[in-house]
Amino acid sequence: MPIEPARLEMLSALARKVLWLSSWTIHHANHVRPSRDGLKVGGHQASSASLATIMSALYFSVLRPQDRVAVKPHASPVFHAIQYLFGRQSRDKLENFRGFKGAQSYPSRTKDTDDVDFSTGSVGLGVAQTLFSSLVQDYVKAHGWMKDRPEGRMIALVGDAEMDEGNIFEALLEGWKHGLRNTWWVVDYNRQSLDAVVREGLWEKFEAMFRNFGWDVVIVKYGTLMQSAFAEPGGEALKGWIDACPNAMYAALCFQGGAAFRKRLRDEIGDQGAVSELIDKRSDDELLDLMSNLGGHDMASMIEAFESIDHDRPVCFIAYTIKGIGLPFQGHKDNHAGLMTVTQMEKWRAAQNIRTGHEWEKFEGLSQEPTALEAFLANAPFNRDGNRRLSAPAIEVPEWLSFKPSAQMSTQQGFGLVLNEIARGDTELAARIVTASPDVTVSTNLGAWVNRRGLFARAEKADLFRSEKIPSTFNWDFSPKGQHIELGIAEMNLFILMSALGLSHQINGQRLLPIGTLYDPFIERGLDALNYACYQDARFMVAATPSGITLAPEGGAHQSIATPLIGMAQDGLASFEPAFVDEVAVIMGWGFRHMQRDAGEGGSVYLRLSTRTIEQPQRMMTPDMQTAITEGAYWLREPGPNCDVVIAYSGAVAPEAIEAVGLIGESRRDVGLLAITSADRLHAGWTAARKLRRDRRGLPYLSHIEKLLAPLPRNCGIVTVIDGHPAALGWLGSVGGHRLEALGVEHFGQTGTIDDLYRHHGIDANAIIDAAESLTAGAPVRLRKMAV
Ligand SMILES: Cc1ncc(C[n+]2csc(CCOP(=O)(O)OP(=O)(O)O)c2C)c(N)n1
Ligand SMILES: [Mg+2]
C-alpha cells in the first residue's frame, strides 16, 4: 500500500536530519574537536550515509518495542543520531563521539547509553546474533514464558561486504534446521566494501542462497523517482541501461555527478528517440537525483517493502544504495575512510539551511513545524513502552551441588554427574538451564542431562531408534519443552547462541542459564564469537573438554596449549581449571551465581576440563575451602616454616604434582603443594589488590594469592606445572619475589600415551623434581619416579 503523503514527508525530513547529524558528528570529532593524538575518525561518513534512509524508516515508523536490531558497525553515527532525535542520546556524547566515554564508534550494548540492542564491530557476528536471538525467543515462547509479550522481530542491518563472513552462512544453515522465524536481514547493497567495489551480480547469489534456505527475498532496487521515469516514454531503455551498468561504473558516475551521467547515457542510449527527451528534460541536478534514487534511499519504497511483509518467515531485503549518498564523495571507491573537508562541509551546510552554531539543533534547516516533528517522533511505535531493556530476577542456586562420587573420575565426568543430579530435581535452577553443543553432546558428558531433559524443537519429534525399540544409551526425543539445543559442528554458532541465550533476561525478560560444551582446542575456532558474547555481557557457562594433551592419542588437532592464556585474557569470562570433581561442583555452583550478578560484578564462566581419570580425594568440603576454590587456589599440602620449594599445579597434572611432592619431600624441607583452580581469578585478584593499594595509599589489603604465598621464606622456589602454556602460571614468582620454574606445554601435535607425552613435554613427576632441584640448594633429590 502506498504510504500517506504526510507520513512520507515527516519521515523524509527526519531521514535528511539523520544524515546531517551523523555526518556532523563525525565532522565534529575530526575538525571541531580534533583529538589530541591527531587521529582521524574515517570509515564512517560514507558508510553511515548508506543507511540513513533505511534506518530512519525502521526506527521512526516500522519498528515496534519488542523488535531488536543489530546495526552495521559503521552506521553507528546514524544510530546515535536517531537516538538523539528521540531524546535518548545526549549532545555531549555525540560531541565526544569516539572519545573517552563518548558515543561509541560501533554500537555497544555495554558502553553506549542509548539503548543498543546488539553490539557490533567485528563484522558478521551481529548479523548471526539476530538469528540466534530469534531462536531463543522461540525457546522462551515454547517453554511458556513469553506471557503476553508479543514476539519481536530480530533485525540486522548488514553491509554487503559483511556477507563475506563465513559465520553468517554457518548461522543460515543452523537457522534453517530450527525453522527460523521473525528474522529480517536488510542488506545495504551499496556494492562497496572497505577497499573496493564488490563483484557484479552478487545479489543473484544472495537471492538464490536465501531462497534456498526458505527465506523470503525482497529486492528493493528502484526508488519512486526511478519508477515514474521508467513509466515515461523511453523509460524502458533507461531501466535496461541501469540494469546493465557495471557496479564500478555506476558508482563512478554517482561520484562524478549529473553531467557525467548525461554524457554517458547520451553516448550509450541517447539515439533512441524518447529516451533522449527523458534525459534532456532534466537538469544535471535532477538527473543525478533520478539516477541516485535507488530503492534504499527512497523512503516510500523502503516503507512499502517493510510493510508488505505479512508472515513470520525470515526475510532478506536487498536494498540498493550508494555508499556516501548525498555527500561529496558518494560512490567513490576510496570513500570508506573519506571525510568531508571543512570547505565541503561548509557548502553542504549551506545547502541544508543549517546556520553556523545551530548544527546540533534537532530540527534546524527543516521546513516542517518543530512541534509536528516532535509529535511524530513521540508517536514512533518503537518507543511506545519506554525502557526496552528488560530484567529478570535471579534464580536460586543451592549452597552445594551434589553428585555421585566415585574413587576414580575425570573432571569431565564430574561435570556430567553434577548436571545429572540437577536434572533429577524439580528446581527452578533445573528448569532454567539450557544446554547446547556443536555435535559433541555425548562426548562431552551431556548425555545424562539430555536423557532426562530432552532436546528442544518447536514440534515434537520422537527418537526413531527408541520407537523402533532398538537399544540405545541416549534418548534423542525432541519437544517444545526440551532443554538441549542440538547444533551442527560450527563452534562459531555455539558461541553466538550462548550470546543470545545469555542475554535473554534483558531481551525477553526471562532468565536462562546457558551451558555450552565443546572440545577445548576448538575454543579457538569460535574465539571471536566468544569474545563478542563477552563484550555484550551475555552470561553463560562453557565446559571445554578435553583440554591440553590429555587426549594424547588423538594428536595435534585435539591438543590445546593456548586456552589457559585465552581464559585468563578474555575479559568477562572467569576461567577455571579444576583437578578434582568436588572442585567442579563448587565452581559450577559459584558459576551459576556469577552468571546472574549485575553488570560489572558478574560474567560468564569457562571450565577447562579433562577426560583423564584420576584418584579423587576423600574430604569434607568446608565453606572456607569453597571460597578458596572459587578465588583460585588452596594448599593441598601446607608448606612448613622452612619451606624450600612449592609445587603449584593446575588441572589434570595433579597426580604428577602430588607424586613429585612425595618424592621431593625425602630430600627437601617443608615442601608445599598449591592447587590452582583458577589462574585467571588469582591473577585478577592480585591486579585488583595492587590497584586498590595504589589508589588508597596505606590500605593493607592483600589478595588471595598474596596471602597464600606470604608465609613462604624469601629463598623458597616455586615450580609451576600445567597441561597448557607455562606462562599461565609463570607470573606466580612475581607475587612475592620467588624464583620460579614454569613447566608446561609449548608444542603440539605429538601422539602417544599421557605418560609418553608428559615425559616428552617435561611435565611429568621427574621433570617437576628436576625443576625443584634447580631452584634449591642441597644434594640432588634422591628419589625419582621409575619408568613403568
Ligand atoms: C571481522 C572484521 N574484519 C574486518 C573489519 C574491518 N572492516 C570494517 S567495515 C569493512 C568493510 C565494510 O563493507 P560493507 O560491509 O559493505 O559496509 P559499507 O562500508 O559498504 O557500508 C571492513 C573490512 C571488521 N570490522 N571486522
Ligand atoms: Mg558495502
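Is Phe-465 buried, partly exposed or exposed? Phe-465 is partly exposed, because its relative accessible area is 45%. Buried means under 20% relative accessible area, exposed means over 50%, and partly exposed lies in between, with a 1.4 Å probe and protein chains only.

Some ground rules. This is a predicted model: local features need pLDDT of at least 70, side-chain atom pairs count only at pLDDT 80 or more, and totals for chains, interfaces and linings use all residues. Residues are numbered from 1 along each chain as its sequence is written, chains are lettered from A and ligands numbered from 1 in written order, and side-chain values use heavy atoms, without hydrogens and water.

Back to Phe-465. Look in helix 21, residues 464-467. Helices are DSSP runs of H or I with at least four residues, strands are runs of E with at least two, and both are numbered from the N terminus. Phe-465 joins Leu-464 and Ile-470 in a nonpolar surface patch. Together they have about 290 Å² of accessible area. That area comes from the Shrake-Rupley method with a 1.4 Å probe; for residues, only the protein chains shown count as cover. Patch residues have over 30% relative accessible area and no salt bridge (a side-chain nitrogen of Lys or Arg within 4 Å of a carboxyl oxygen of Asp or Glu). Nonpolar side chains (Val, Leu, Ile, Met, Phe, Trp, Tyr) are joined within 5 Å, like charges within 9 Å.

Next, the backbone. Most residues other than glycine have a negative phi, and most peptide bonds are trans. Now Asp-115. Its phi is positive, near 65 degrees. Asp-115 sits in the loop between helix 5 (91-95) and helix 6 (125-142). Asp-115 counts as buried, because its relative accessibility is 9%. Asn-445 also has a positive phi, near 70 degrees. Find Asn-445 between strand 7 (433-438) and helix 20 (447-453), in the loop. And the peptide bond from Thr-545 to Pro-546? It is cis, with omega near 0 degrees. Pro-546 belongs to the loop between strand 12 (541-544) and helix 25 (563-569).

Last, ligand 1. Around it are 18 residues, each with a heavy atom within 4 Å. Among the closest are Ser-47, Asp-160 and Gln-192. Polar contacts are pairs of N or O atoms within 3.5 Å; within protein, one must be able to donate a hydrogen and the other to accept it, and residues adjacent in sequence count only if both atoms are side-chain atoms. A polar side-chain atom of Asp-160 is 2.6 Å from a ligand 1 oxygen. For Gln-192, a polar backbone atom lies 2.8 Å from an oxygen of ligand 1. Alone, ligand 1 exposes 590 Å², and the protein buries 75% of that.
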